[in-house]
Amino acid sequence: MNGSKSPRDPVAPHIAGLPKSGIRDFFNLVAERSDVISLGIGEPDFQTPWRVRERAIEAIERGHTRYTANLGTIALRKAVADYTRERFGGGYDWRDEVLVTVGVSEGLDTALRAILSPGDEVLYHEPCFVAYAPIVRMAHATPVLVETRMENGFKLRREDLEAAVTPRTRALLVNFPNNPTGAALTEADTRMLADFVTRHDLLLVTDEVYSELTYDIPRTSVIALPGMKERTIFLNGFSKAWSMTGFRLGYACAPAPVIDAMMKIHQYTMMCASSVSQAAGVEAAQNAIADIGEMRRSYALRRNFTAARFNEMGLDCRVPEGAFYVFPSIKKTGLSSMDFCVRLLGEESVACVPGTAFGACGEGFFRACYATGMDDLKEAMNRIEAFVARLRK
Ligand SMILES: Cc1ncc(COP(=O)(O)O)c(C=O)c1O
């Protein structure tokens, strides 16, 4: 009996087929090296505003350490509904159109599982956040790629969307301001997306986790457009703008039947987001908008500096409109994205992420996160310049 039969393959095929995040793969190379300047992980270098941390401490002191309502605390849902109306023109009822999630990560997973059935297709754009294609597959649906290109400002073009849509398309998943390209949308761009999803009767899942971080162009969201609330799942969170990545706090705003469906999944998998984080989130949404402004001003300076330095050293680099990433082209060097980043790390101890971590069409680019102190940023640019100069010889 013993050993007569090998055990069944324990892993489901659709999970076995998923790649691991290319970012984490790459950063295993960085681990245990203290000399490295990292422009790698997409995380702000700022501390969470003190007033927000103070609320978390107070919540613990007062013993607010139990489960909350599955949808989230009333205080946070009200704060999110107010914030979303004031900053994005959304009109959501805190009672049944807001769900507090464990980061935008959980919001994405829950949203897709709530709306997708096997056989459905989801349009998404690359280069993009590493999770998108995997979470569509985890929901037993098929991701359909639409490329964005540098010459179009890494924005979606109507003709590319039209070429990818089929009768099986259920939703369009978008992220602007974008990780990794920094591209952000104008109001005219959002109108094009709204018109496209409406004409094809699609749902729109919009990940706006960088929405507070736009430079030179006004903040804009599709949820302000007439008729869009009915077909949109708006995902946002506190990680990036308030520098609260470790709090793991986000939210979804959508029509009540969608929130109700998402709530079932959330209820059975998460129960609720952390009570302490939710207390901090109320303070962030209500009273820490000025803190975001300060961080945004600092990011804008760093963005200008970083993009200018890359262009000076001969790497074509757009000045992105949002988020905290630049995505320079290394095509002129003749190296692949992976070789460029591995050699840069080995020879100059600077960590950047190969563009291919964000999809095959990221080949020929790398991502540098400028949410890093100015001194480190200057030193990193000097080192990259030396490396690029050596490549030219
Ligand atoms: C586009 C995008 N969406 C979602 C997330 C995850 O955010 P959260 O920390 O809220 O889960 C990230 C994190 O890098 C991101 O870049």
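**Exercise 1. Find the side chains in polar contact with the ligand, then work out how covered the ligand is.**

Start at Arg248: in this predicted model, an N or O atom of the Arg248 side chain sits 2.7 Å from a ligand oxygen. Next, check Lys240, where a side-chain N or O atom is also 2.7 Å from an oxygen atom of the ligand. Then move to Asn179, which puts a polar side-chain atom 2.8 Å from a ligand oxygen. To call these polar contacts, hold each distance against the cut-off of 3.5 Å for a pair of N or O atoms. Last, look at the cover: on its own the ligand would expose 400 Å², and the protein buries 92% of that.

**Exercise 2. Describe the shell around the ligand.**

First, count: the ligand is surrounded by 13 residues. Now pick out the closest, and you get Val104, Ser105, Asp207, Ser239 and Lys240. Sort the shell by class, and it splits into five nonpolar, five polar and three charged residues. Which helix gives the most to this shell? That's helix H5 (residues 103–115), with three residues.

**Exercise 3. Place the ligand in a pocket and characterise the lining.**

Begin with the location: the ligand takes up the space of the largest pocket. Its volume comes to about 720 Å³. Walk around the wall next, and you'll meet 33 lining residues, with Arg24, Ser105, Phe129, Lys240 and Arg248 nearest the centre. Trace the wall back to secondary structure: helix H2 (22–28), H5 and helix H6 (132–138) each bring at least two residues. H5 has the largest share, eight residues. By class, this lining holds 14 nonpolar, 10 polar and nine charged residues.

**Exercise 4. Do the same for the second largest pocket.**

Here the volume is about 400 Å³. There are 20 lining residues, and Pro19, Lys20, Ser21, Val130 and Pro134 lie nearest the centre. H6 supplies the largest share of this lining, five residues. Sorting by class gives 12 nonpolar, five polar and three charged residues.

**Exercise 5. Look for enclosed space.**

How many cavities of 30 Å³ or more are there? The count is one, and the volume of the largest cavity is about 150 Å³. Its lining has 17 residues, and Phe176, Leu185, Thr190, Glu208 and Thr220 are the closest to the centre. Now ask which elements give two or more residues to that lining: helix H8 (187–199) and strand S6 (203–207). To finish, sort the lining of the largest cavity, which comes out as nine nonpolar, six polar and two charged residues.

Conventions
Residues numbered from 1 in each chain as written. Predicted model: local features only at pLDDT ≥ 70, side-chain atom pairs only at ≥ 80, totals over all residues. Heavy atoms only, no water. Near = heavy atom within 4 Å. Polar contact = N/O pair within 3.5 Å; in protein donor to acceptor, adjacent residues only side chain to side chain. Areas by Shrake-Rupley, 256 points an atom, 1.4 Å probe, with all protein chains shown as cover. 1 Å grid on protein atoms, 1.4 Å probe; cavity = no way out; pocket = protein on both sides within 12 Å on 5 of 7 lines; lining within 4 Å. Sits in = over half its atoms within 2 Å of the grid points. Helix = DSSP H or I, 4+ residues; strand = E, 2+ residues; numbered from the N terminus. Nonpolar A, V, L, I, M, F, W, Y, C, P; charged D, E, K, R; others polar. Points joined across faces, edges and corners; volume = space filled by probe spheres on them.
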